[in-house]
Amino acid sequence: MNYTIEGEPLPVLICNMEAGETMLTEKGAMSWMSPNMKMETTTNGGIGKMFGRAFSGESMFVNRYTAQGGPGLIAFASSFPGSVRAFEIAPGQDIVAQKSAFLASTSGVDMSIFFQKRLSSGLFGGEGFIMQKFSGNGMAFLEFDGCIKEYDLAAGQQIIVDTGYLAAMTSSCSIDIQTVPGVKNMLFGGEGLFNTVVSGPGHVWLQSMPVAQLAGAIRPFIPTSN
């Protein structure tokens with residue numbers, strides 16, 4: 001399988017597949033395809049996997065597309081202005097990403113729920129509690145919101161991220177939650193009560209416009225019906 005990612009900030013992933021190759025996709029992600037692509041809707045791992053995907057913000061079922069009888073083509077469009085990134089997944093090269101990041105993957109990639117161990121992350125962390133972990137062998141294609149900025153963190157090095165701006169990180173990183181210092185800062189600073197602290201070693205991907213932030217920004221301008 002070879003692929004191209006075209007058209008940011010409204011990107012589309014175009015995959016050219018050999019006969020017999022299979023792609024797994026989020027429900028409704030397919031945009032166009034050649035006639036020889038066979039579709040099968042599946043739980044891809046049973047009831048546990050199905051409910052795990054639902055808990056992490058994805059649909060309970062995934063679609064499998066297989067090229068039959070020869071090479072095939074299939075395209076997947078992003079659901080939000082931003083970026084589609086390709087990740088090569090292998091043992092020791094797991095990726096942890098925000099909920100609803102999954103767009104498509106080759107059949108050897110396994111998606112599971114990633115829980116932070118710290119209770120504070122679970123209670124207050126937003127993306128810090130429930131994320132998605134991609135492991136196995138193959139390519140995973142994830143969609144992020146807005147522009148993406150990447151950082152390499154050394155062992156013990158940290159970066160503080162406002163809730164929702166953490167798009168993905170290598171599984172060698174860890175995250176925790178810290179309160180915004182000062183009562184006035186909490187109440188009047190407009191940054192919320194908590195920040196996410198990402199610690200290295202590892203690589204992080206940060207996004208400039210989380211969809212929740214965009215929704216909040218345009219809400220005052222949406223007319224309400226009388």
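Leu142 has a relative accessible area of 0% in this predicted model, and because the cut-off for buried is under 20%, Leu142 counts as buried. The residue belongs to strand 13, which covers residues 138–145. Setting aside neighbours within four places in sequence, the contacts of Leu142 are Ser83, Val84, Arg85, Phe87, Ile95, Ala97, Ala101, Phe102, Leu103 and Phe134. Ser78 lies 64 residues from Leu142 in sequence, yet the C-alpha to C-alpha distance between Leu142 and Ser78 is 9.1 Å.

Phe87, one of the contacts of Leu142, also takes part in an aromatic arrangement. The protein has five aromatic pairs. In one of them, Phe87 and Trp205 meet edge-to-face, with 5.0 Å between the centres and 75° between the planes. This pair connects distant parts of the chain, since Phe87 is in strand 8 (residues 82–89) and Trp205 is in strand 19, 118 residues apart. Ring pairs join Phe87, Phe144 and Trp205 into a cluster. Phe87 and Trp205 are tabulated below with Leu142.

| Residue | Relative accessibility | Class |
|---|---|---|
| Leu142 | 0% | buried |
| Phe87 | 6% | buried |
| Trp205 | 9% | buried |

Strand 19, which holds Trp205, is also part of a sheet. Six strands make up this open sheet, in the order 11-12-9-16-19-14, with antiparallel pairing. Its edge strands are strand 11 (109–115) and strand 14 (148–153), each of which pairs on one side only. From one strand to the next, the twist averages 20°.

Within the sheet, strand 16 (residues 166–170) and strand 19 (residues 202–207) run antiparallel and are joined by three bridges. Leu166 has Leu206 of strand 19 as its bridge partner.

A further ring interaction involves Lys149 and Tyr151. The charged end of Lys149 sits over the ring of Tyr151, at 5.6 Å from the ring centre.

For the protein as a whole, the secondary structure consists of four helices and 19 strands. The protein has 226 residues, of which 43% count as buried. Among contacts with a separation of 6 or more, 78% are between residues 24 or more positions apart. The accessible surface is about 11,400 Å², and carbon and sulfur atoms contribute 58% of that surface.

Note on methods. Residues are numbered from 1 along each chain as its sequence is written. This is a predicted model: local features need pLDDT of at least 70, side-chain atom pairs count only at pLDDT 80 or more; totals for chains, interfaces and linings use all residues. Side-chain values use heavy atoms; hydrogens and water are left out. Two strands pair if DSSP finds at least two bridges between them. Helices (H or I, at least four residues) and strands (E, at least two) are DSSP runs, numbered from the N terminus. Axes are lines fitted to C-alpha atoms, for helices over the stretch in contact, and angles run from 0 to 180 degrees between N-to-C directions. Buried means under 20% relative accessible area, exposed over 50%, partly exposed in between (1.4 Å probe, protein chains only). Contact means heavy atoms within 4.5 Å. Accessible areas come from the Shrake-Rupley method with a 1.4 Å probe; for residues, only the protein chains shown count as cover. Rings of Phe, Tyr and Trp (its six-membered ring) pair if their centres lie within 6.5 Å; planes under 30 degrees apart count as stacked, over 60 as edge-to-face and the rest as tilted. A charge sits over a ring if NZ of Lys or CZ of Arg is within 6 Å of the ring centre and within 35 degrees of the ring normal.
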